[in-house]
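Visitor: I would like to go through a model and ask, for each label put on it, what supports that label.

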Amino acid sequence: MAQFVEIVTDVMDNFRNRIESSEDLNFRALQNFRDSLEDMKEADMYFISEDFKEALAAYHNELVEEEENSRHVVFSEDCRLPSKLCFISMDTFDTKDVNTGEVVRAFGSGHIDGFLCRQSEDGSVAIRLVVRNSVPTHIGSYELKRGGIKFPTELHERLENDESFHAMYLEMITTISGAFSLINQPRFVDVLKSGSRQQRKKAQKQHGVDVEQWHEISWNVNEPIEGEVDDRGRSFHMPLHYTRGHWRKAKPHWDDVVYRQDGLPYIWIDGFWSGHPAYGIKKGYHAPKLGKAA
């Protein structure tokens, strides 16, 4: 998507201009602009199109279902970042226009331009919201090893008192984790170059972003697909769906057995994707268009 490269480079231009004309910025805001601009130069860039909206909505619903506390949400290892520092733009969020009240797509309308994500050695993935005309803001992190979501201290009061605000931030963080989970599924998706080479060369010249850092994610629905096979050798053509992590009863001699409160042995089954997008998306059964790059 050519627009992706243009929007991100426009954001970087705006950040640089704010840094150069920073008389009205306090130290923290100025440093947020500086840190984010430098991180965007180094980050691997990913674009997720609206083709992934239904799959990510189903993922979010499955992940947070019946979880009253965001600290209990469990993320699979597949949610790791492809590299330590990534910038991801997603054309999957809707928002309301402040002036008209109409529902509009957040990406490309100045509401959400992307998210800067950094993974630490302890498995924490910290996320900053990036909007071209605003100070980059930390919105929270998801924890791969310990599980759960953490929010910045300054947001706690509003998150506790504003249900819609909490739901919005929870959805952003879980959807980002789902996007990276899909990026790490080569059976389902292709990682393509984003934009034209001319655009990527221009971004390298203006901002130092290497031409190899730009990626678009596309459903892999052009290759021959083998259906799921059960233990009796029967094949099933299943739509893509996500099963969140869960405890399963186990035998005492199995590896990694944990005895829970009921005194019985269990093993933890990590969350996983199954089926294939060529057969649609579970719940919506939307089949992606053949050959369309995300």
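What follows is a set of questions and answers on helices, strands, burial and salt bridges.

Visitor: What kind of model is this?

Guide: The model is predicted.

Visitor: Why is Arg18 with Asp24 called a salt bridge?

Guide: The closest N and O atoms of Arg18 and Asp24 are 3.3 Å apart. The rule asks for a side-chain nitrogen of Lys or Arg within 4 Å of a carboxyl oxygen of Asp or Glu, so the pair qualifies.

Visitor: Are Arg18 and Asp24 buried, partly exposed or exposed, and how do you know?

Guide: Arg18 has 26% relative accessibility, and because partly exposed covers the range from 20% to 50%, Arg18 is partly exposed. Asp24 has 58%, which is over 50%, so Asp24 counts as exposed.

Visitor: What makes Arg28 and Glu154 a link between distant parts of the chain?

Guide: Arg28 forms a salt bridge with Glu154, with the closest N and O atoms 3.3 Å apart. Arg28 is in helix 2, while Glu154 is in the loop between strand 8 and helix 4 (156–161), and the two are 126 residues apart. Arg28 is exposed at a relative accessible area of 57%, and Glu154 is exposed at 54%.

Visitor: What about Asp162 and Arg158?

Guide: Their closest N and O atoms are 3.7 Å apart. That is within the 4 Å limit, so Asp162 and Arg158 form a salt bridge. Asp162 is partly exposed, with a relative accessible area of 24%, and Arg158 is partly exposed at 47%.

Visitor: How many salt bridges does this rule give?

Guide: The count comes to 12. Asp10, Asp113 and Arg132 are linked in a network of salt bridges.

Visitor: How do you know that the length of helix 2 agrees with its number of residues?

Guide: Helix 2 covers residues 27–42, which is 16 residues, and at 1.5 Å a residue these should span 22 Å. The end C-alpha atoms are 23 Å apart, so the two values agree. At the start of helix 2, a side-chain oxygen of Asn26 comes within 3.2 Å of the backbone nitrogen of Arg28. The buried residues of helix 2 are Ala29, Leu30, Phe33, Ser36, Leu37, Asp39, Met40 and Lys41.

Visitor: What does the length check give for helix 5?

Guide: The 21 residues of helix 5 (residues 163–183) should span 30 Å, and the end C-alpha atoms are 30 Å apart, so the check agrees.

Visitor: Why is helix 5 called mostly covered?

Guide: Of its 21 residues, 15 are buried. Buried here means under 20% relative accessible area.

Visitor: Why is Phe93 called buried?

Guide: Its relative accessible area is 6%, and because the limit is under 20%, Phe93 is buried. Phe93 sits in the loop between strand 2 (85–90) and strand 3 (94–96). The C-alpha atoms of Phe93 and Thr175 are separated by 9.4 Å, with their positions 82 residues apart along the chain.

Visitor: What makes strand 7 largely enclosed?

Guide: Five of the seven residues of strand 7 (residues 137–143) are buried, so the rest of the structure largely encloses this strand.

Visitor: How do you know that strand 6 and strand 7 pair?

Guide: Strand 6 (residues 124–130) and strand 7 share six bridges in the antiparallel sense. At least two are needed, so they count as a pair. Arg128 stands opposite His138 in strand 7. The two strands form a hairpin with six residues between them.

Visitor: What joins strand 7 to strand 8?

Guide: Strand 7 and strand 8 (residues 149–150) have two bridges and pair in the antiparallel sense. The bridge partner of Ser141 in strand 8 is Lys150. Five residues lie between the strands of this hairpin, where Gly147 takes a positive phi near 80°.

Visitor: Why are strand 14 and strand 15 said to stand at the edges of their sheet?

Guide: The open sheet has three strands in the order 14-16-15, with antiparallel pairing. Strand 14 (246–249) and strand 15 each have a single partner strand, so one side of each is left without a neighbour in the sheet. Strand 15 is joined to strand 16 (residues 265–269) by two bridges, and Tyr259 stands opposite Pro265 in strand 16.

Visitor: What makes Val258 eligible for a nonpolar surface patch?

Guide: Val258 has 36% relative accessibility and counts as partly exposed. A patch residue needs over 30%, so Val258 meets that cut-off. Val258 lies in strand 15 (residues 258–259). Val74, Trp247, Val258 and Trp268 form the patch, with about 310 Å² of accessible area together.

Key: Residues are numbered from 1 along each chain as its sequence is written. This is a predicted model: local features need pLDDT of at least 70, side-chain atom pairs count only at pLDDT 80 or more; totals for chains, interfaces and linings use all residues. Side-chain values use heavy atoms; hydrogens and water are left out. Patches are made of residues with over 30% relative accessible area and no salt bridge: like charges are joined within 9 Å, nonpolar side chains (Val, Leu, Ile, Met, Phe, Trp, Tyr) within 5 Å. Accessible areas come from the Shrake-Rupley method with a 1.4 Å probe; for residues, only the protein chains shown count as cover. Helices (H or I, at least four residues) and strands (E, at least two) are DSSP runs, numbered from the N terminus. Buried means under 20% relative accessible area, exposed over 50%, partly exposed in between (1.4 Å probe, protein chains only). The expected span of a helix is 1.5 Å times one less than its number of residues. A polar contact is a pair of N or O atoms within 3.5 Å; within protein, one must be able to donate a hydrogen and the other to accept it, and residues adjacent in sequence count only if both atoms are side-chain atoms.
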